[in-house]
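Q: I'd like a close look at a single part of this model, followed outward into its surroundings. Please walk me through it in one connected answer.

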Amino acid sequence: MTSQRYERVEKIGEGTYGTVFKAKDRETGDIVALKIVRLDEDDEGVPSAALREICISEGIETSEHCQVTVRLLDVLHRSLRLTMVFEYCDQDLKKYFDSLASVISQKTVQSFYYQLLRGLAYCHRHNIFHRDLKPQNILISKKGELKLADFGLARAFGIPVRIYSAEVVTLWYRPPEVLMGAQVYTTSIDIWSAGCIFAEMANSGRPLFPGSDVDEQLKRIFKLVGTPTDRTWPNIVRLPEYKEFPPYPPAPFSAVVPPLSPTGIDLLRRHLVSYPKGRITAEDAMRHEYFSDLDDPIARPSN
């Protein structure tokens, strides 16, 4: 199989380390997405981020639950170009927000968010951090299926605990421990990001914490959830980039995400806990009362 099999149609975006094109498979007529990584002659092999995405995507692809992420169909390597061939989805969540002509229905929010949690729970069960959850990395098919994409910053994890990079997660979706330089963290970093996306969904695309730098980001967070102390977050002062903030009291979540129901507010609050160990898991979030009346066949596929 060669790269001549795929005819580029249009450029559709930039990934963590590559350019993404919509393309047509000349043999099958199927529409696919090509992520093309150009390799530098001076580089020694394929970038580690690309290798991680390939390994993680192939591992997920072999499972019975591969519908929760965008499927990797093929990998082509020719001279100074690496091409990953993925299934094509019509748009990402950010483009969906941008296309809205009116307020998003809360039933749609419920369905979308359940699907996001389902994908996240699958990754966490299989010891994978995504580490870059944001609307641009959540794709939507014509059937209304949500799929996680762009695993360029993802990592497999296990025991013993390892030190990880603090240079992860786009600023608006970055949890406070990573903002303060933590290099030992858990799947709770994805839970924080998911909570930010949940609020953004409910507010029809308005970001919850649109900070311009790390300090402003932390200030926005603490003005909502309250400034943590050594009592509410043991050993917080030991974080590499820890600094003191004014003692902001917690604010009512209903004031910043008014469309959410009381059960939705409760679920969101359980995500956005400053102390990482206090956050809900994806599995527990799926069982929350907020989803008790969910009857969407897409959101609840058979296992």
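A: Happy to! Let's begin with Q110, which counts as buried because its relative accessible area is 5%, under the 20% cut-off. Please keep in mind that this is a predicted model. Q110 sits in helix 3, a stretch that covers residues 106-125.

What does Q110 touch, leaving aside its neighbours within four places in sequence? The contacts are Y290, F291, D293 and L294. One of these can be followed along the chain: D293 is 183 residues away from Q110, yet 9.6 Å separates the two C-alpha atoms. That fits a pattern for the protein as a whole, where 65% of the contacts between residues at least 6 apart in sequence join residues at least 24 apart.

Helix 3 also has a sheet to deal with. The helix lies across strand 8 and strand 9, and runs at about 30° to strand 9. Those two strands belong to an open, antiparallel sheet of three strands, in the order 6-8-9. Strand 6 (91-92) and strand 9 (146-148) are its edge strands, each pairing on one side only. Strand 6 is held to strand 8 (residues 138-140) by two bridges, with the strands running antiparallel. In that pairing, D92 has L139 of strand 8 as its bridge partner.

From here we can move to the packing. The largest nonpolar core contains 64 residues, and L93, Y113, L116, M201 and L272 have the most contacts inside it. Helix 5 (residues 188-202) is the element that gives the most to this core, contributing ten residues. L272 shows how such a residue is surrounded: not counting residues up to four places away in sequence, it touches W192, G195, C196, L208, F209, V225 and F253. A separate core, apart from the largest one, has 13 residues, including V20, V37, V70 and C89.

C89 is also worth a look as a cysteine. It is buried, since its relative accessible area of 8% falls under 20%. C123 is buried as well, with a value of 1%. Even so, the model has zero disulfides, where a pair of cysteine sulfur atoms would need to be within 2.5 Å.

V20, another member of that separate core, leads us to a second sheet. In the pairing of strand 2 with strand 3, V20 stands opposite K35, and K22 stands opposite A33. Six bridges join strand 2 (residues 19-25) to strand 3 (residues 31-38), and the two run antiparallel. The hairpin they form has five residues between the strands, and there G29 takes a positive phi near 80°. On the strand 1 side, strand 2 is joined by seven bridges, again antiparallel, and K11 stands opposite F21. Strand 2 is mostly covered, with six of its seven residues buried.

The whole of this sheet is open and has five strands in the order 1-2-3-5-4, with antiparallel pairing. Strand 1 (6-14) and strand 4 (72-78) each have a single partner strand, so one side of each is left without a neighbour in the sheet. On average, neighbouring strands here are turned by 25° against each other, direction ignored.

If you are checking backbone geometry, two loop residues deserve a visit. Most residues other than glycine have a negative phi. S204, however, has a positive phi of about 55°. It lies in the loop between helix 5 and helix 6 (214-225), and is partly exposed, with a relative accessible area of 22%. N235 also has a positive phi, near 65°. This residue is placed in the loop between helix 6 and helix 7 (253-256), and at 41% relative accessibility it counts as partly exposed.

Finally, here is the frame around all of this. The protein has nine helices and ten strands. Of its 303 residues, 51% count as buried, Q110 being one of the buried residues. About 14,700 Å² of surface is exposed, with carbon and sulfur atoms supplying 50% of it.

Note on methods
Residues are numbered from 1 along each chain as its sequence is written. This is a predicted model: local features need pLDDT of at least 70, side-chain atom pairs count only at pLDDT 80 or more; totals for chains, interfaces and linings use all residues. Side-chain values use heavy atoms; hydrogens and water are left out. Buried means under 20% relative accessible area, exposed over 50%, partly exposed in between (1.4 Å probe, protein chains only). Helices (H or I, at least four residues) and strands (E, at least two) are DSSP runs, numbered from the N terminus. Contact means heavy atoms within 4.5 Å. Accessible areas come from the Shrake-Rupley method with a 1.4 Å probe; for residues, only the protein chains shown count as cover. A nonpolar core is a set of buried Ala, Val, Leu, Ile, Met, Phe, Trp, Tyr and Cys residues joined through side-chain atoms within 4.5 Å. Two strands pair if DSSP finds at least two bridges between them. Axes are lines fitted to C-alpha atoms, for helices over the stretch in contact, and angles run from 0 to 180 degrees between N-to-C directions.
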